[in-house]
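Me: I have a protein model open and would like to learn how to read its strands and its metal site. Could we go through it together?

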Amino acid sequence: MRLQTAGIHHITAFVGDAQRNVDFYAGILGLRLVKKTINFDAPEVYHLYFGDETGTPGTIITFFPWPNGRPGRIGGGQVGITTYVVPTGAMAFWEERLTSYAIPYTKEQRFAETYLSFADYDGLQIQLVEREQGPQSTWSFAGVPVEKAIKGFGGAVLYSTHSEQTARALEHTMGMKREAEEDGFIRFRTSADLGNVIDLKKESVRYGVGGSGTVHHIAWRAKDQQEQLEWQKQVAADGFDPTPVQDRQYFTAVYFREAGGILFEIATDPPGFTVDEEVSALGEKLMLPEWYEKYRAEIESNLTPFTVREPEVKKP
Ligand code: ZN
C-alpha cells in the first residue's frame, strides 16, 4: 500500500539578522520561539524554530539567520509563499496589526479564499487566511490574543521549474489528493487539519536563487521512524534519490529533490521539541545536540545574542 503524508511538518528558510527574524515571527506574528539551536551542518549560525506552544508538526517554520548572507531570489524550485491559518473573523485584527507595524499588505483571492499577503523583513512571502479547521492556538504573545492567533500553516504555494512533474510528485509520491484547478493553480489536500493545503503554480517558473529571503526546503510528515524508512523506499521506487536518515534531534530527516527543483524532506513527528526542554521553558536556552556540547563555549562566542520581545509599534 502506498504511503500518504499527513501534510507539512516544517518549512525552513534563510534570513539575515537573527534579532529581526525573532522580532517578526515572535514579536509581530505572535508565534512561539520553541527552539534556539544551531545549524547542525554549520554550527556558526543559529537554527531558530517558531511554532505553536509546543511546536506541533504543521506549525513549525525554521530559519538559518546568516548575518551577512547574500539575498536570494524567489523563483522556481522553491516554496514561493508560506500560508498561515488564523481563526474565522480574525483578518481585521491582522490588517490593523500589520498597519501598526508599518508592514504593507495586499489582499488576494485563491480558490474562493481571501489571503492577506505581505513579506517579512527579509522578503519571504507570507499569507494569512481564515479557516475553521485546526485547533485554536494556546500561545499568546505580544498582544496577540489566542482567539486571533495564528493556528499553524494553512499550507504553501509551490513554484516549480517543471510543474507537471511536481504535480505528480505531490499526488503520486507524497499521496496528496489533487482537489481542484483554478486561475493558474492546482490545489492539493492532505488529511491533517493544518499544513494541509498545497497550491502549485501551474505555469513553470524559472529557477530562483537560494539565499536570504528564500525557502530552503519543505518537510512532509512521517508518523515515525519505521514509516520514514518505508517513505525512503517509496521515494526511491518512484525514481528519486533519497538521502540516508539524518538525526535532527527533534525529528529524523530524509531529503530528496523532486524534478521541479524543490527540496523535499520527510520528517518524523516524534520525538518533538520537548525532548530536551520542558514545555514551559521551550526556546529559552541555546540547545546543542550532545555531539556539539563540548564546543559550547566556542559556539556561543560566535553567536550574536537576541531577545524575544514585543517590537515597538511604528504608528499609533
Ligand atoms: Zn528540515
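Reply: Gladly! Let's begin with a term: two strands count as paired if DSSP finds at least two bridges between them. Keep in mind that this is a predicted model.

Me: Thanks! In which sense do strand β13 and strand β16 pair, and over how many bridges?

Reply: Strands of a sheet pair through backbone hydrogen bonds, either parallel or antiparallel. Here β13 (residues 214-222) and β16 (residues 263-268) run parallel, with five bridges between them. One place to look is A219, whose bridge partner in β16 is E265.

Me: What is the strand order in the open sheet of eight strands?

Reply: The order is β2-β3-β4-β1-β13-β16-β15-β14, and the pairing is mixed. At the edges are β2 (32-39) and β14 (246-247); each has a single partner strand, so one side of each has no neighbour in the sheet. You can also find helix α4 (residues 225-237) lying across β13, β15 and β16, at about 15° to β15.

Me: Now the metal. Which residues coordinate the zinc ion?

Reply: The zinc ion is coordinated by H10 (NE2), H217 (NE2) and E265 (OE), at 1.9 to 2.0 Å. H10 belongs to strand β1 (residues 8-15) and H217 to strand β13, so this pair ties together parts that are 207 residues apart in sequence. Along the chain, the donors follow the spacing H-x206-H-x47-E. E265 is the residue we met as the bridge partner of A219.

Me: Are H10 and H217 buried or exposed?

Reply: Both H10 and H217 are buried. For that label, the relative accessible area has to be under 20%.

Me: Let's try strand β12. Which strands does β12 pair with, and in what sense?

Reply: Strand β9 (residues 152-159) runs parallel to β12, joined by four bridges, and L158 stands opposite L200 there. Strand β11 (residues 185-189) pairs with β12 in the antiparallel sense over five bridges, and R189 stands opposite V197. Strand β12 itself (residues 197-201) is mostly covered, with four of its five residues buried.

Me: Could you show me one residue of β12 up close?

Reply: Take D199, which sits in strand β12. D199 counts as buried because its relative accessible area is 2%. Its side chain makes a polar contact of 2.8 Å with the side chain of R110. Beyond its neighbours within four places in sequence, D199 is in contact with several residues, including Y115, A156, L158 and I186.

Note on methods: Residues are numbered from 1 along each chain as its sequence is written. This is a predicted model: local features need pLDDT of at least 70, side-chain atom pairs count only at pLDDT 80 or more; totals for chains, interfaces and linings use all residues. Side-chain values use heavy atoms; hydrogens and water are left out. Buried means under 20% relative accessible area, exposed over 50%, partly exposed in between (1.4 Å probe, protein chains only). Helices (H or I, at least four residues) and strands (E, at least two) are DSSP runs, numbered from the N terminus. A polar contact is a pair of N or O atoms within 3.5 Å; within protein, one must be able to donate a hydrogen and the other to accept it, and residues adjacent in sequence count only if both atoms are side-chain atoms. Contact means heavy atoms within 4.5 Å. Axes are lines fitted to C-alpha atoms, for helices over the stretch in contact, and angles run from 0 to 180 degrees between N-to-C directions. Donors are N, O and S atoms within 2.8 Å of the metal (3.2 Å for Na, K and Ca); water is not among the atoms, so sites may look incomplete.
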